[in-house]
Amino acid sequence: MAEEKETKSIDQASIELIEKAAKDGVNTVFDRADAMKPCPIGSVGSCCKNCSMGPCRVPLPKGREETPEDKQKRRGVCGATAETIAARNFIRMVAGGAAAHSDHGRGVAELFLAVAKGKAPGYEIKDEQKLMQVALDWGIEIGDRSNNEIAVDIGEKALAEFGRQEGELITLRKAPLKRQELWRQQGVSPRGIDREIVEIMHRTHIGVDQDYKNLLKQGVRAAIGDGWGGSMIATELQDILFGTPAPVLGKANLGVLEKDKVNIIIHGHEPLLSEMIVAVAQEPEMIELAKSKGAKGINLSGMCCTANEILMRHGVAIAGNFLQQELAIVTGAVDAMVVDVQCIMQSIQTVAECYHTKIITTSPKAKIPGAVHIEFDEHDALKSAREIVKTAIENFPNRKGGVYIPGEPVNQIAGFSHETINYLLGGLFRASYRPLNDNIINGRIRGVAGVVGCNNARVKHNEGHVNMVKELIKNDVLVLTTGCNAIACAEAGLLVPEAAREFAGKGLAEVCETVGIPPVLHLGSCVDNSRILIAATAVVKDGGLGDDISELPVAGAAPEWMSEKAISIGQYFVASGVYTVFGVTWPTTGSKEVTDFLFKEMEEMYGGMWDFEPDPIRAAHLMIAHIDKKRKALGIDKARERVLYDMEMRRELDAV
Amino acid sequence: MEYKIEKKPAPGRDEVEVLGDTFEEGTPEGEELGKWRQKLDSREDKLRYLQSGERYWFSEEWFGSEKRKTPA
């Protein structure tokens with residue numbers, strides 16, 4: 001009997017399109033991953049290419065324990081040890097990730113200021129309440145001033161945070177007081193967001209910082225500047241400009257593409273342009289133009305984190321996550337894929353050339369040879385958006401034969417910002433996290449997990465994400481999700497309230513049914529991991545579960561991570577006190593000392609630590625074990641009899 | 001919310017005015033779907049909500065688990 005071929009995805013539509021790509025002679029990420037194995041030295045952090053005396057390779061000996069003599073020899077030409085090299089590589093990943101999130105935040109802040117000054121027509125402040133909230137947070141006067149006057153101050157203050165030379169970020173004030181103090185004691189409260197990233201690049205240059213612990217400390221500082229700084233600024237200002245997300249019904253999967261309509265996929269990360277494209281695609285003139293070209297209308301969908309942004313605020317359908325970007329084009333039904341920054345494969349242009357799809361780059365920071373470039377001008381955003389939508393419409397008649405759109409769209413509910421969770425649990429007059437805390441204390445909810453991160457072509461698409469999340473909710477762990485994990489969960493049908501009955505444990509299902517929420521809450525894009533930090537802080541501040549995030553029965557994971565952003569996210573979660581497990585591979589195993597520091601010593605310093613487990617079920621069990629450890633420390637590991645006091649018992653109490 | 005007044009026939013009288021539904025639709029549609037923040041109209045309402053709803057950060061006399069702590 002022929003051996004059954006291992007599939008590359010758990011998603012049936014993706015499997016069918018991988019097969020179609022092979023028939024069409026199209027090379028995809030899955031083929032390339034098969035053809036090229038990862039470098040065994042670079043993947044464990046044992047290669048240094050920071051100067052031209054190298055690259056230097058310092059691998060561990062094969063098939064035996066390292067001897068002291070081996071260790072002595074494991075040095076680069078400059079003398080840098082395997083520890084220094086592994087730590088340098090690791091924190092350069094943090095710098096890359098923190099830079100990506102934070103430059104996104106800076107872009108939002110620049111647009112925000114332009115809007116406040118009336119220099120960006122088409123945009124407006126949509127959420128006055130969030131404007132007030134941020135003004136209070138940052139100590140900006142409200143009084144009788146107009147929204148725009150307040151917003152100018154907020155925009156200027158936000159931009160100043162990137163270049164702050166001393167003191168600490170104002171956004172750190174949102175963290176639990178105990179955590180803020182711990183960061184000060186450890187000397188890792190970030191100054192300016194940019195400064196911490198630049199300092200990493202300086203300290204990892206040849207011949208600068210050669211103490212791996214000191215290097216890793218700077219990695220912590222920069223990562224906090226990402227999660228509690230650049231990412232948080234992005235989220236807060238986007239909420240003010242585009243609205244704080246509230247529950248919204250949307251669809252997911254490649255089946256959201258429509259054969260008879262002009263399909264435009266918006267792919268990337270920043271919502272600045274995509275918000276305008278959403279508006280323009282609904283204009284009657286554009287719909288008429290589409291009809292004049294033979295289409296029945298315009299169908300907009302998203303890919304990766306841009307998808308999450310426009311889903312959270314407008315309910316626009318999600319076509320897929322990172323590993324589905326080429327496959328969407330393989331349908332032959334995508335008339336334009338509009339991209340901005342981050343997680344965009346250069347190969348989409350090559351794939352597009354096999355069909356009729358136009359790849360439209362929009363950011364001066366991210367161009368692809370062969371693609372159409374229509375630069376996004378924030379000062380005339382509607383014009384840029386109209387040009388893009390028109391380009392897509394005019395490409396509709398160029399479709400070649402063989403359009404194939406597999407899969408049925410799956411329903412999902414997204415839009416769970418911190419503000420909305422607070423409102424849903426307590427209502428308008430007493431918004432509160434109390435019901436969540438009470439149900440954690442009484443054990444219906446065992447704990448809370450943040451499961452986030454990318455796809456990785458080295459493992460089966462979406463399998464790690466979905467298996468881990470199912471295992472967690474089965475064990476009564478409420479899951480908060482963002483990024484590509486959220487899209488994987490949506491495609492697996494986990495983001496609807498009915499999923500609680502089908503997949504969640506009894507306790508979690510009871511709570512979800514009572515509140516009317518899914519067991520997996522979609523909090524947004526990867527910069528929106530800052531929403532998870534705020535939600536965790538609200539749980540701390542509500543009381544009854546300790547005084548710091550590190551005391552909560554919570555854990556984090558990125559089962560299919562691949563980007564530097566994921567490392568930065570993991571590092572700021574660990575630095576915030578969260579036990580965080582990554583799958584696929586671990587980039588410091590070339591140095592036992594560096595790995596031990598990240599996996600063990602960081603817990604003593606920050607209350608959170610890293611872990612690595614490629615099996616998603618075993619990783620979920622590690623998270624549950626950590627949650628149980630925290631429950632025990634809080635004294636809520638055993639059910640206790642509740643005693644209702646009568647008046648006599650109360651009088652006895654008073655007498656004491 | 002706006003109160004709905006309905007006219008209904010009454011025994012022994014022609015028509016009487018009766019107060020209609022005073023609840024919000026359970027399945028709002030369109031732009032209103034799932035939205036809740038527009039329920040707060042004025043800036044004063046919004047600031048008051050922040051003090052109560054977001055009291056973890058903005059209430060002056062209530063700091064949750066941190067209320068017994070010396071501020072850092």
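**Strands, domains and the chain A–chain B contact in a predicted model**

Reader: In this predicted model, how many of the residues of β11(A) are buried?

Author: β11(A) is mostly covered in the model. On one side of the strand lie Gly447(A), Ala449(A) and Val451(A), and on the other Val448(A) and Gly450(A), all of them buried. The number of buried residues in β11(A) is therefore, taking a residue as buried if 20 or more other C-beta atoms lie within 10 Å of its own, five of five.

Reader: Which residue of β12(A) is the bridge partner of Val451(A)?

Author: β11(A) is joined by five bridges to β12 (residues 477-482) of chain A, and the two strands run parallel. Towards β14 (residues 554-558) of chain A, β11(A) has four bridges, again with strands that run parallel, and there Ala449(A) stands opposite Ala555(A). In β12(A), the bridge partner of Val451(A) is Thr481(A).

Reader: Which strands stand at the edges of the open sheet that holds β11(A)?

Author: Six strands of chain A form this open sheet with parallel pairing, in the order β13-β12-β11-β14-β15-β16. From one strand to the next, the twist averages 25 degrees. Each edge strand has a single partner, so that one of its sides is left without a neighbour in the sheet, and the two strands in this position are β13 (520-524) and β16 (610-612) of chain A.

Reader: Why is β4(A) largely enclosed by the rest of the structure?

Author: Both faces of β4(A) are covered, with Val262(A), Ile264(A), Ile266(A) and Gly268(A) buried on one side and Asn263(A), Ile265(A) and His267(A) buried on the other. The strand, residues 262-268 of chain A, is largely enclosed because its buried residues number seven of seven.

Reader: Which residue of β7(A) is the bridge partner of Ile266(A)?

Author: β4(A) pairs in the parallel sense with β5 (residues 298-303) of chain A over six bridges, and in β5(A) the bridge partner of Ile266(A) is Gly302(A). With β7 (residues 334-339) of chain A, β4(A) also pairs in the parallel sense, over five bridges. In β7(A), the partner of Ile266(A) is Val338(A).

Reader: Which element gives the most residues to the side of domain 1 of chain A that touches domain 3 of chain A?

Author: The domain assignment of chain A places domain 1 at 82-242, domain 2 at 254-398 and domain 3 at 410-634, and the contact takes 36 residues from domain 1 and 33 residues from domain 3. On the side of domain 1, the elements that give two or more residues are α4 (82-116), α7 (177-186) and α9 (212-242) of chain A. The largest share, 15 residues, comes from α4(A).

Reader: Which element gives the most to the side of chain B that touches chain A?

Author: 25 residues of chain B are in contact with 29 residues of chain A, and by class the side of chain B has 12 nonpolar, five polar and eight charged residues. The elements that give two or more residues to that side are α1 (43-53) and α2 (55-58) of chain B. With seven residues, the most comes from α1(B).

Reader: Within what arc do the buried residues of α1(B) fall?

Author: The buried residues of α1(B) are Lys46(B), Tyr49(B), Leu50(B) and Gly53(B), and what covers them includes α5 (128-137) and α16 (418-426) of chain A together with α2 of chain B. On the other side of the helix, Glu44(B) and Arg48(B) are exposed. The buried residues line one face of the helix, because seen down its axis they fall within an arc of 100 degrees.

Technical notes: Residues numbered from 1 in each chain as written. Chains lettered and ligands numbered in written order. Predicted model: local features only at pLDDT ≥ 70, side-chain atom pairs only at ≥ 80, totals over all residues. Domains from an automatic or database assignment. Contact = placed C-beta atoms within 7 Å. Nonpolar A, V, L, I, M, F, W, Y, C, P; charged D, E, K, R; others polar. Pairing = 2+ DSSP bridges. Axes fitted to C-alpha atoms, helices over the stretch in contact; angles between N-to-C directions. Buried ≥ 20, exposed ≤ 12 C-beta atoms within 10 Å, placed from the backbone. Arc of directions from axis to C-beta.
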